[in-house]
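Please open the model in a viewer and keep the sequence panel in sight. The tour below proceeds from one selection to the next.

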Amino acid sequence: MNDKLHLAPIQNPRRAIDIGTGTGTWAVDFAEAYPNTSIIGTDLSPIQPETKPPNLVFEIDDCCSDWVYPKNHFDYIHVRQMYGSIADWHRFYKDCYDHLTPGGYIEQAELNPVLKSDDGSIVPGDVLDQCGTLAVQAGISLGSSLEVEKSMQDDIARAGFTEVVKTTYKWPVGAWSNDPRLKELGKWNLLHWQQGLESWTLRSFTKRMGWSYEAVKKWNADVHRTLKERKHHAYQDVSVVYARKPLR
């Protein structure tokens, strides 16, 4: 996104909410960029900083439960990396629609767990190709799609939003790109995989897909080793969709 906090063409929104705020980093940056906007960051985990801008509050909340906010309340709803967290996306988008002011924007950023390559360096059936297949299967077994990146544009439009715009980026996994910016991004994304892979796979593969603990550990080790090989030019699709609630 070239260091942009958002792509939606918002102008000084009065009230905004960041759903799935996580550590709160984006919400803090947004609050500093829009000091006249009242911002709420919500998450299930209280891991946000105590020091924050005065126009930002953090709340523990489950966006899959009934919303406690008034309808037609927010001018901007921001959603990020909620794939695997929401089972009923149609209900979620309806809640977003109902709680936005007419003319307000929703913006959602999601990555796709399926690894791709444009040069054939990921071969069908190899361990990196299996990442995508197994991730999709795990999502199905958990009752929540991990490929919302592919479906969110149509689902948002189906909820009644208009002026729907989708932008897709390629995020390298590893420092294989010749582009300095993408090389740096690839280093961080590789770290993301290295630190997150076990938490993504251990429970879902053993409890839902019948793998043994030892098999998961071995497979994870193969993924770690293969991702570090520069000959594999793996990337993920990361998409941002924004859309507007009609004025009438």
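The structure on display is a predicted model. Begin by selecting I19 together with V79: V79 is the bridge partner of I19 in β4. The chain then crosses from β4 through helix α2 (residues 89–99) to β5, and this β-α-β crossover is right-handed.

**The strands β1, β4 and β5**

Select residues 15–19, which form strand β1; this strand pairs with β4 in the parallel sense, over four bridges. Next, colour strand β4, residues 74–80. Is this strand enclosed or open to the outside? Six of its seven residues are buried, so β4 is largely enclosed by the rest of the structure. On to β5: β4 and β5 run parallel and are joined by six bridges. To see one of the pairings, select R80 and A109, the latter being the bridge partner of R80 in β5.

**R80 and D18**

Keep R80 selected and show its side chain along with that of D18. The two side chains meet in a salt bridge, with a distance of 3.8 Å from N to O. D18 belongs to strand β1 and R80 to strand β4, so this pair ties together parts that are 62 residues apart in sequence. D18 is buried, with a relative accessible area of 0%, whereas R80 is partly exposed, at 23%.

**E110**

Now select E110, in strand β5 (residues 100–111). Which side chain of opposite charge is nearest to E110? That side chain is R80, 8.6 Å away; E110 is buried yet has no salt bridge. Display the backbone of Y83 as well: its nitrogen lies 3.1 Å from a polar atom of the E110 side chain. Leaving aside residues up to four places away in sequence, the residues that E110 touches include V79, R80, Q81, M82 and Y83, as well as W89, V148 and D237.

**Q81 and N2**

From the contacts of E110, move to Q81, which is placed in the loop between β4 and α2. Its phi is near 50°, a positive value in a residue other than glycine. Q81 counts as partly exposed, at 37% relative accessibility. Then go to N2, in the segment before β1. The phi of N2 is likewise positive, near 55°, in a residue other than glycine. N2 is exposed, with a relative accessible area of 58%.

**Helix α3**

Select residues 127–142, helix α3, and find T133 within it. How far is T133 from V114 in space? Computed from C-alpha to C-alpha in the viewer, the computed separation is 7.3 Å, while the two residues are 19 residues apart in sequence. T133 counts as partly exposed, at 41% relative accessibility.

**Further salt bridges**

A search of the whole structure finds 16 salt bridges. For one of them, select K150 and E147, whose side chains meet at 3.7 Å, N to O. K150 counts as exposed, at 52% relative accessibility. Another joins the side chains of K217 and E198, at 2.8 Å, N to O. K217 lies in helix α6 (residues 213–227) and E198 in helix α5 (residues 180–208), so the pair ties together parts that are 19 residues apart in sequence. K217 is partly exposed at 33% relative accessibility, and E198 is partly exposed at 37%. As a last stop, select K218, D222, R225 and E229, which are linked in a network of salt bridges.

Definitions and conventions: Residues numbered from 1 in each chain as written. Predicted model: local features only at pLDDT ≥ 70, side-chain atom pairs only at ≥ 80, totals over all residues. Heavy atoms only, no water. Helix = DSSP H or I, 4+ residues; strand = E, 2+ residues; numbered from the N terminus. Buried < 20%, exposed > 50% of the residue type's maximum accessible area, 1.4 Å probe, protein only. Lys, Arg positive; Asp, Glu negative; His and termini not counted. Salt bridge = Lys/Arg side-chain N within 4 Å of Asp/Glu carboxyl O. Polar contact = N/O pair within 3.5 Å; in protein donor to acceptor, adjacent residues only side chain to side chain. Contact = heavy atoms within 4.5 Å. Pairing = 2+ DSSP bridges. Right-handed = clockwise from strand over helix to strand, strands pointing away.
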